[in-house]
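Q: I am new to this structure and would like a close look at one part of it. Please take me through that part step by step, and then show me what else is worth knowing about the rest.

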Amino acid sequence: MSESVRLVCPVGRKYVETWAGYVLLILGLITALIGSGHWAGVTLGVLLVLGGAACAVHGHLIRKPVLEISEDEFRYERGSYVVSVPFEEIGSYRLLPGRIRSLGLYDTTGRAKRFPSLSGRRTARSHLPLTGMIQPARVEAFMAVAGIPPRERSLTS
């Protein structure tokens with residue numbers, strides 16, 4: 001492989017929070033302008049504007065998980081959390097279903113690879129969290145480009 005390939009996982013919560021924040025912000029401005037004759041209308045408008053601004057800012061701060069394949073390594077990135085694994089150490093992968101899908105990587109002997117926790121705790125995790133909106137077929141196609149077989153079809157399991 002001569003160039004890197006990226007897969008950006010969609011985050012539904014990011015879009016919902018951002019757009020809901022903008023809607024609340026506009027609704028608050030309208031409420032403050034229409035209710036400017038009474039203190040309750042102005043107070044409600046200001047509270048809606050503040051809540052909408054906080055929701056929109058928080059929505060913009062949510063980071064999307066990114067999977068990247070370069071010439072000699074597999075890379076997972078979510079905000080400031082970055083995991084780089086050389087291809088020689090990856091034997092297979094497994095995609096865990098559920099509300100929030102996760103990607104598990106296994107070494108050539110079939111043991112699960114361990115990664116530091118996302119929260120900076122002392123525990124280690126064996127799966128990298130993706131999002132619930134990512135389609136499993138997209139992840140499987142992405143891993144097929146890298147040449148990493150699924151756990152069920154790997155030669156070492």
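A: The cover over the buried residues of α2 includes α1, and in this predicted model the relation also holds the other way, since what covers the buried residues of α1 includes α2, residues 39-61. On the α2 side, the buried residues are Gly41, Gly45, Leu48, Gly52, Ala56 and Gly59. On the α1 side, Gly12, Lys14, Glu17, Thr18, Gly21, Gly28 and Thr31 are buried.

The lengths of the two helices can be checked against what is expected of them. Helix α1 runs over residues 12-34, and because 23 residues at 1.5 Å a residue should span 33 Å, the 33 Å between its end C-alpha atoms agrees with that expectation. Helix α2 has 23 residues as well, and from its first C-alpha to its last it reaches 33 Å, close to the 33 Å expected at 1.5 Å a residue.

Helix α2 also holds Val42, which has a relative accessible area of 31% and is therefore partly exposed, a class that lies between the 20% limit for buried and the 50% limit for exposed. Together with Val46, Leu47 and Leu50, Val42 makes a nonpolar surface patch of about 350 Å².

Away from this pair of helices, the largest nonpolar core has 24 residues, of which Phe74, Leu103, Leu105, Leu130 and Met143 touch the most other members. Two or more residues of this core come from each of β2 (66-69), β3 (73-78), β4 (81-86), β5 (92-96), β6 (102-106) and α3 (136-146), and it is α3 that gives the most, with 4 residues. When neighbours within four places in sequence are left aside, the contacts of Met143 are Phe74, Tyr93, Leu103, Leu105 and Ile148.

Another residue to follow is Phe115, which lies in strand β7, residues 115-116. Its relative accessibility is 4%, and because buried means under 20%, Phe115 counts as buried. Again leaving aside neighbours within four places in sequence, Phe115 is in contact with Tyr81, Val83, Val85, Leu105, Ala124, Arg125, Ser126 and Leu128. To relate Phe115 to the helices described above, one can take Leu61, which stands 54 residues away from Phe115 in sequence, with 24 Å between the two C-alpha atoms in space.

Definitions and conventions: Residues are numbered from 1 along each chain as its sequence is written. This is a predicted model: local features need pLDDT of at least 70, side-chain atom pairs count only at pLDDT 80 or more; totals for chains, interfaces and linings use all residues. Side-chain values use heavy atoms; hydrogens and water are left out. The expected span of a helix is 1.5 Å times one less than its number of residues. Buried means under 20% relative accessible area, exposed over 50%, partly exposed in between (1.4 Å probe, protein chains only). Contact means heavy atoms within 4.5 Å. Patches are made of residues with over 30% relative accessible area and no salt bridge: like charges are joined within 9 Å, nonpolar side chains (Val, Leu, Ile, Met, Phe, Trp, Tyr) within 5 Å. Accessible areas come from the Shrake-Rupley method with a 1.4 Å probe; for residues, only the protein chains shown count as cover. A salt bridge is a side-chain nitrogen of Lys or Arg within 4 Å of a carboxyl oxygen of Asp or Glu. A nonpolar core is a set of buried Ala, Val, Leu, Ile, Met, Phe, Trp, Tyr and Cys residues joined through side-chain atoms within 4.5 Å.
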